[in-house]
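Me: Hey, can you help me read this protein? I'd like to go through a few spots one by one.

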Amino acid sequence: MDVYETATLLTEEKTIKSGHLGRDVVITCFLPKAVKDPAQMGLLLINDGQNMTELGLADILDGLITGGRVQPLLCVAIHAGPERMMEYGTASRPDYKGRGAKAPAYTAFVMEELLPFIHKSYEVASFREKSFAGFSLGGLSALDIVWNHPQEFTKLGLFSASFWWRTKGLDDGYKEETDRIMHAQIREGGFYPWLKFFFETGTQDEVMDRNNNGIIDSIDDTLALIGELVAKGYDQETDIYYMELADGRHDIATWARAFPLFLKWGWGN
């Protein structure tokens, strides 16, 4: 187990043997120090945890904690495995190319192996709240898990999320109104008023514009998903935060710029 320590933060790397995934899963845990009551901590799960060094999460958290700008928060970053494209996705069904076929196993890992491991490792019977964040396909995965286990979570951070995930190819009769998998899940799901959503997109996330409306697909798909949430009953002012970076790209440097705002939005003092 690797350990990195600052005045405010303890960072540990741990390994979980997952029966659901049939592999070892590495997690990096960012534990704030000087927490009097661990049960008052929030828990934030983060997909693509292997990128947290490049994102600079330890420095981001250290700065926010030192400045007293966020409440106590344990961040657990889950490293993706070699079959990331199969393990991330939507558990209800794979996309039109069969990608995401192992998403049910990944969901089971999170709910049945990872969460109990965290509770046991840090001797916290119950966190104040649990949230999930992800980038690109990891954002889709985070939303899928939370939406299908709403009683377990409160907040989501979705950065350039792959909401294009669809049941048909563009040349196979694809229709925006019916074939985007996550949008359909929102429409067909319930209303969970405690959930709060943070979305980030960048105007340079991509160049694709499949409906030729002058808006790139990543922004179109995100705004459409927000529209589904609003139609479901979520308030666009109090339940949803949308951040569009004028020069934002589909990369870790862009997400690193947005992540401190997400943390202050969700856990700010």
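Me: Is Tyr234 buried or exposed?

Reply: This is a predicted model, and in it Tyr234 is buried, because its relative accessible area is 3% and the cut-off for buried is under 20%.

Me: Ok, and where does Tyr234 sit along the chain?

Reply: You'll find Tyr234 in the loop between α8 (217-232) and β9 (240-249).

Me: Which residues does Tyr234 touch, leaving out those up to four places away in sequence?

Reply: With those left out, Tyr234 touches Trp147, Phe191, Tyr192, Pro193, Leu195, Phe197, Leu229, Asp239 and Ile240.

Me: Tell me about Tyr192. How many residues is Tyr192 from Tyr234 in sequence?

Reply: They're 42 residues apart in sequence, and 8.7 Å apart in space going C-alpha to C-alpha. On top of that, a polar atom of the Tyr234 side chain lies 2.9 Å from the backbone oxygen of Tyr192.

Me: New topic, cysteines. How many disulfides are there in the whole structure?

Reply: A search of the whole structure turns up zero.

Me: Why is there no bond between Cys29 and Cys75?

Reply: Cys75 holds the closest cysteine sulfur to that of Cys29, but the two are 9.9 Å apart, so that's too far for a bond. For a disulfide, the sulfurs would have to be within 2.5 Å.

Me: And are those two buried or exposed?

Reply: Cys29 is buried, with a relative accessible area of 1%. Cys75 counts as buried too, at 0% relative accessibility.

Me: Let's jump to Asp95. Where is Asp95?

Reply: Asp95 is in the loop between α3 (84-87) and α4 (103-121). It's a charged residue, yet Asp95 is buried, with a relative accessible area of 5%.

Me: What does the side chain of Asp95 make a polar contact with?

Reply: That would be the side chain of Arg99, at 2.6 Å. Not counting residues up to four places away in sequence, Asp95 also touches Trp164, Trp165, Arg166 and Ile181.

Me: Last thing, pockets. How much space lies in the second largest pocket?

Reply: About 240 Å³. The second largest pocket is lined by 15 residues, and the closest to its centre are Trp164, Glu206, Met208, Asp217 and Ser218. You've met Trp164 already, as one of the residues that Asp95 touches.

Me: What classes of residue are in the lining of that pocket?

Reply: The lining of the second largest pocket has six charged, five polar and four nonpolar residues.

Note on methods: Residues are numbered from 1 along each chain as its sequence is written. This is a predicted model: local features need pLDDT of at least 70, side-chain atom pairs count only at pLDDT 80 or more; totals for chains, interfaces and linings use all residues. Side-chain values use heavy atoms; hydrogens and water are left out. On a 1 Å grid over the protein atoms alone, a cavity is a set of points where a 1.4 Å probe fits but cannot get out, and a pocket is an open set with protein on both sides within 12 Å along at least five of seven lines; lining residues have an atom within 4 Å of a point. Grid points are joined across faces, edges and corners, and a volume is the space filled by probe spheres set on the points. Helices (H or I, at least four residues) and strands (E, at least two) are DSSP runs, numbered from the N terminus. Buried means under 20% relative accessible area, exposed over 50%, partly exposed in between (1.4 Å probe, protein chains only). Contact means heavy atoms within 4.5 Å. A polar contact is a pair of N or O atoms within 3.5 Å; within protein, one must be able to donate a hydrogen and the other to accept it, and residues adjacent in sequence count only if both atoms are side-chain atoms.
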